Amino acid sequence: MNSLGKRIKMFEPVIEDEDIEAVIRVLKSGWLAHGPEVEAFEQEFAEYIGVKYAAAVSNGTVGLMLALKALGIKNGDVVLVPDYTFIASATSVLMMGARPRFVDVDVETFNIDVEDLLSKIDDKVKAVMVVHLFGHPADMKVLKEIAEDRKLILIEDAAQAHGAEAYGRKVGSFSDAAVFSFYATKNMTTGEGGMVVSDKKEVIEKVKLLRNHGQIARYVHAELGGNYRMTSIQAALGRIQLKKLDKLNSMRRSVAYKYNELLKNVDYIKTPVEKPWAKHVYHIYALKIVDSICRDSLYNCLTSKGIEVGIHYPLPLHKQPLFKSLGYEECCANASYLSSVELSIPVHPKLTDEDINIIIESIRECIEAYCSK
Ligand SMILES: Cc1ncc(COP(=O)(O)O)c(C=O)c1O
């Protein structure tokens, strides 16, 4: 255990009286499923991101699937996806019958590598799925130019990046459609939930159709859809969470800056990068521990001291058993490297200065005990 005998969690949602009251208000109203509360959340979220339209869905994975389908991705199409991300960025493509092709990532930002991306474009490629990993935006200026130039559909997986900005503009506003997740650990949450946003009316209308059994009039169904709706209970929570998102993000950023300062001269550790054109919202504070044996020892040592840490992610996608079984071959050296050195430490808004000091003290002790030559 650490010197204060205190467990420190990796993720903690910020649920206050106002969140609880909003949920109770909906429960008392009797309107629990999809309704005006969801529509209000959609409108407020679209305004926040700076896009015209939004469709709330049951989770981010479904959001990606429906966005792909609404954009016309179909059997046999290839979608470029970074090799280093959460599995849903790629499985959503598979679920739609298309095939993800993996692109290596930049070792500094963990985001899609532009040179490798260019080398992987051919006639089969219909779309690029960009992920703003850990809350650091991908370079949307360059990526948008490439997509326009090569006539490719551009999708943003912004599941980890609510409120992040590239070149002064919110992520989610650069592409044909972008998808957010409101899973319990995210920068804002509805427990489970997701949102598809776009400036294209027809894309959002299609997502809304698909999320509701393709229903065009009561019990009249024009398309194969399903039930991927968000409840009013989730939406009420989401509306309150959205109101405080900027405040929660600044709290995350201030924790991250403290870490950056306190860890800057610690051997073996590289702190995360924030590009000059970017606003990082630190969904995850991803360290690189330059020696992989030291990374694994640090993981175990910090865990034994009651500090929850994470490895995001232990495998690049091409090495996942799923993709190996589908015949995917070795690729993407940077993604493989990052999976061996990444270590995430808690960065949520509930961390106190005391927590931060314990974490730093514990990192120093663990490095001294396990990593020093
Ligand atoms: C990068 C990324 N994409 C997609 C998702 C899927 O979102 P959900 O968990 O809401 O289905 C997540 C969630 O963790 C994610 O981190």
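Reader: Leaving aside neighbours within four places in sequence, which residues is Val 290 in contact with?

Author: A contact means heavy atoms within 4.5 Å. By that test Val 290 meets Tyr 268, Lys 270 and Val 341, once neighbours within four places in sequence are set aside. Before we go on, this is a predicted model, where local features need pLDDT of at least 70 and side-chain atom pairs count only at pLDDT 80 or more, while totals for chains, interfaces and linings use all residues. Residues are numbered from 1 along each chain as its sequence is written, and side-chain values use heavy atoms, with hydrogens and water left out.

Reader: Okay, so where does Val 290 sit along the chain?

Author: Look in the loop between β14 (285–289) and α10 (292–304) for Val 290. Those labels are DSSP runs, numbered from the N terminus: helices (H or I, at least four residues) and strands (E, at least two). For a sense of distance, try Gly 172: it's 118 residues from Val 290 along the chain, and their C-alpha atoms are 32 Å apart.

Reader: Is Val 290 buried, exposed or partly exposed?

Author: Val 290 counts as partly exposed because its relative accessibility is 39%. Buried is under 20% relative accessible area, exposed is over 50%, and partly exposed is in between (1.4 Å probe, protein chains only). Ile 15, in the segment before α1 (17–29), has 36% relative accessibility, so Ile 15 counts as partly exposed too.

Reader: And how does His 132 rate, buried or exposed?

Author: His 132 has 0% relative accessibility, so it counts as buried. You'll find His 132 in the loop between β4 (125–131) and α6 (140–149). Not counting residues up to four places away in sequence, His 132 touches Asn 111, Pro 137, Ala 138, Met 140, Glu 156, Asp 157, Ala 158, Gln 160, Ala 161 and Val 171.

Reader: Zooming out, which domains does the chain have?

Author: The domain assignment (automatic or from a database) gives domain 1 (17–103 + 112–243) and domain 2 (245–370). Their C-alpha centres lie 25 Å apart. Across the boundary, 38 residues of domain 1 are in contact with 33 residues of domain 2.

Reader: How much area is buried between domain 1 and domain 2?

Author: Buried area is the accessible area (1.4 Å probe) that two parts lose on being put together, summed over both. Here domain 1 and domain 2 bury about 3,000 Å² between them, with 62% coming from carbon and sulfur atoms. Of the area that domain 1 buries against domain 2, Tyr 84, Phe 134 and Asn 187 supply 27%, more than any other three residues.
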